[in-house]
Amino acid sequence: MDHQPIVKPPLDQFSVPPNLDNWKTRRAAHNWDAVRAELDGLPNGGGLNLAHEAIDRHANNTPDKVAMRWVTAAGAVEDYTYADMKRLSNRFANALRDLGIQKTDRVFVFMDRTPELYAAVFGTLKNLSIIGPLFSAFGPEPVRDRLQHSHARVLVTTPALYKKVGQIRADLPHLEHVLLTDHGVTVPEIPGTQPLDTLLDAASEEFEIPPTAAEDWSVMHYTSGTTGKPKGAAHVHSAVLGHYLTGKYALDLHPEDLYWCTADPGWVTGTSYGMFAPWTNGVTNIIYAGGFGARGWYRVLQDQQVTVWYTAPTAIRMLMKAGTAVVKSFDTSALRFMASVGEPLNPEAVLWGHEAFGIPFHDNWWQTETGMIMIANYASQDIRPGSMGRPMPGVEPAIIQHNEATGKYEAVVEPGVEGDLAVRPGWPSMFRTYWEDQERYASRFKDGWYLTGDRARRDADGYFWFVGRSDDVINTAGHLVGPFEVESALIEHEAVAEAGVIGKPDPIAMEIVKAFVALKDGYAPSDSLRNELIGFARRKLGPGVAPREIDFLPSLPKTRSGKIMRRLLKARELGLPEGDTSTLEDD
Ligand code: ATP
Ligand code: MG
């Protein structure tokens, strides 16, 4: 599908000059030592500590600048300066130390987006313990699985959320401390828990971060569970180099920005880009505690004068469903850059952004395992709708194929060829293991490449085009079909809100392309609409690629990070077991 590129103006026409002014020269000139020189390092040669670079560095230089503007669902606002964040996280680090929590011990947070969550994350990093974030919407089982698997010693949560933990507590012999907090409200006495505020009140505001080695553990994130059981990807402190540089180049963050990332802190985007990238770049970070809703979200953009916004395809598709007129009834004119991650961003969504906000969404690609954005559309560079963009400076991705003759994976040089998307190891925020599963970790590296598990193409100008996850690619009558192109074609039809496509086993064609479609408000499923959609897709894609079958669903099954779970569509279609559904969104 060819859409016209979105052409960017010359550099002198930007109100804020883009940090990445020229993709080629910035890539050619890249060197991680120079990036290191833009950061601070602990005093006396103590190395890079994520919390120091994100919080204390700015607390020392611009203590009164607002680091976090916390906006409640009701619209109340609380501001926290960098100095406040330093004090709060210092207290938390001291509280951990007072409890005897050591370097590398796992500390999990199971909370909604409250200021205490952020203090806990950075306090844990200051103590060199490993922070593990959980979705607050998780039920007891996913919480138990992750706390058991990681042997967490500390859990920070709220009295309301503890109701889900109490019933599984007996299964968690390693969990020694449950710290309860309720944003200033006195918490009830519950056996087996302690009030966090009491510990914080008793703790000092001063904390000296111990020397931090590049390979000291920092964050542990369970993957989204889109393709199977979530894996515990573990990261290190020197990853901060990548958070900082991608915030600067891929999100174009400048210190004056009012930045809003909509991702839940339970997902890696909520930490890497909800906390680490914005704060290492010294911006004011808007934390919105409310849930999704078109009007509520536009109100945040308007009232908080958001300049840079990072969100996800599912949310964008839901906003599209609510219509362009709703956007236009708010003043979003402060916005100058919008980006998206988590799933392929359909060209239709890129173009809709342009129409509704006057600026396009910039898609970018990365994974829990990569820890940072790897491939991106940049502020200064033209967008090819449907493409994930081009590699970050310092990142070397390639399309690789298995060469049967040599038995090795080799990079494909010529453009336009579909293959496995791989990355040359060595970028700073690369995961260092899957927790307690070194074998699976090792299996992701072959012949000098990290294998991402995604399929893609690269064009002659270096833009990468997502095809699908390796597991999702469909083999129909000898053609390989990526679900993304079929889904993108379907959602160009005015009746379609979202689409998920699978390969359904077939005795003749091996697999046939089957689509599941959720309709926009005002449209009802019918045989004639089904036939119309099949005809529409055939005209766009040709009969070999267009779906042979279409089913209508009220909505598609998704993970809590908003990804369509095609494996579940397939299991349900074939009557097979559903596998791990711990991350399935249930509302
Ligand atoms: P699991 O590994 O548990 O199955 P997951 O892969 O969905 O879950 P994440 O690490 O959150 O967990 O997601 C990374 C994946 O999301 C990528 O490998 C890719 O398949 C998809 N993805 C992320 N961003 C994009 C994008 N811009 N375009 C296409 N796909 C994307
Ligand atoms: Mg994955």
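In this predicted model, an oxygen atom of ligand 1 sits 2.4 Å from an N or O atom in the side chain of T227. A second threonine, T368, also comes into play: an N or O atom of its side chain is 2.5 Å from an oxygen atom of ligand 1. The side chain of K563 contributes a polar atom that lies 2.7 Å from an oxygen atom of the ligand. Taken alone, ligand 1 exposes 630 Å², and the protein buries 97% of that area. The surroundings of ligand 1 consist of 23 residues, the closest being G225, T226, T227, N364 and T368.

The chain around this ligand can be described next. The protein chain contains 18 helices and 28 strands. Along the principal axes, its C-alpha atoms fill a box of roughly 70 × 60 × 55 Å. For 587 residues, a compact globule would be expected to have a radius of gyration near 25 Å, and the value for the protein chain is 24 Å, so the two agree. Of the 587 residues, 62% are buried. When contacts between residues at least 6 apart in sequence are considered, 69% of them join residues at least 24 apart. The accessible surface of the protein chain amounts to about 22,400 Å², and carbon and sulfur atoms account for 49% of it.

Helix 11 gives a local example of packing. Which residues of helix 11 are buried? Within this helix, which spans residues 294-303, they are A294, W297, Y298, V300 and L301. These residues are on the same side of helix 11 because they cover an arc of only 150° around the axis. What do the buried residues of helix 11 pack against? Their partners include three strands, namely strand 10 (258-261), strand 11 (284-288) and strand 12 (308-311). Helix 12 (313-322), helix 13 (324-328) and helix 14 (347-357) are also packed against by the buried residues of helix 11.

The chain then leaves helix 11 through a loop that leads to strand 12, and Q304 is found in this loop. Is Q304 buried or exposed? Its relative accessible area is 10%, and buried means under 20%, so Q304 counts as buried. Apart from residues up to four places away in sequence, Q304 touches R69, V71, V77, L258, I286 and R299. Just after helix 11, Q305 adopts a positive phi of about 55°.

Helix 12, one of the elements packed against by the buried residues of helix 11, holds T314. With a relative accessible area of 7%, T314 is buried. Setting aside neighbours within four places in sequence, T314 is in contact with E343, K558 and G562.

P140 offers another case. This proline lies in helix 6, which runs over residues 140-150. P140 counts as partly exposed because its relative accessibility is 24%, whereas T314 is buried at 7%. P140 touches K164, Q167 and I168, not counting residues up to four places away in sequence. L161 is 21 residues from P140 along the chain, and the C-alpha atoms of the two are separated by 9.6 Å.

Key:
Residues numbered from 1 in each chain as written. Chains lettered and ligands numbered in written order. Predicted model: local features only at pLDDT ≥ 70, side-chain atom pairs only at ≥ 80, totals over all residues. Heavy atoms only, no water. Buried < 20%, exposed > 50% of the residue type's maximum accessible area, 1.4 Å probe, protein only. Helix = DSSP H or I, 4+ residues; strand = E, 2+ residues; numbered from the N terminus. Arc of directions from axis to C-beta. Contact = heavy atoms within 4.5 Å. Near = heavy atom within 4 Å. Polar contact = N/O pair within 3.5 Å; in protein donor to acceptor, adjacent residues only side chain to side chain. Areas by Shrake-Rupley, 256 points an atom, 1.4 Å probe, with all protein chains shown as cover. Rg over C-alpha atoms; globule rule 2.2 N^0.38 Å.
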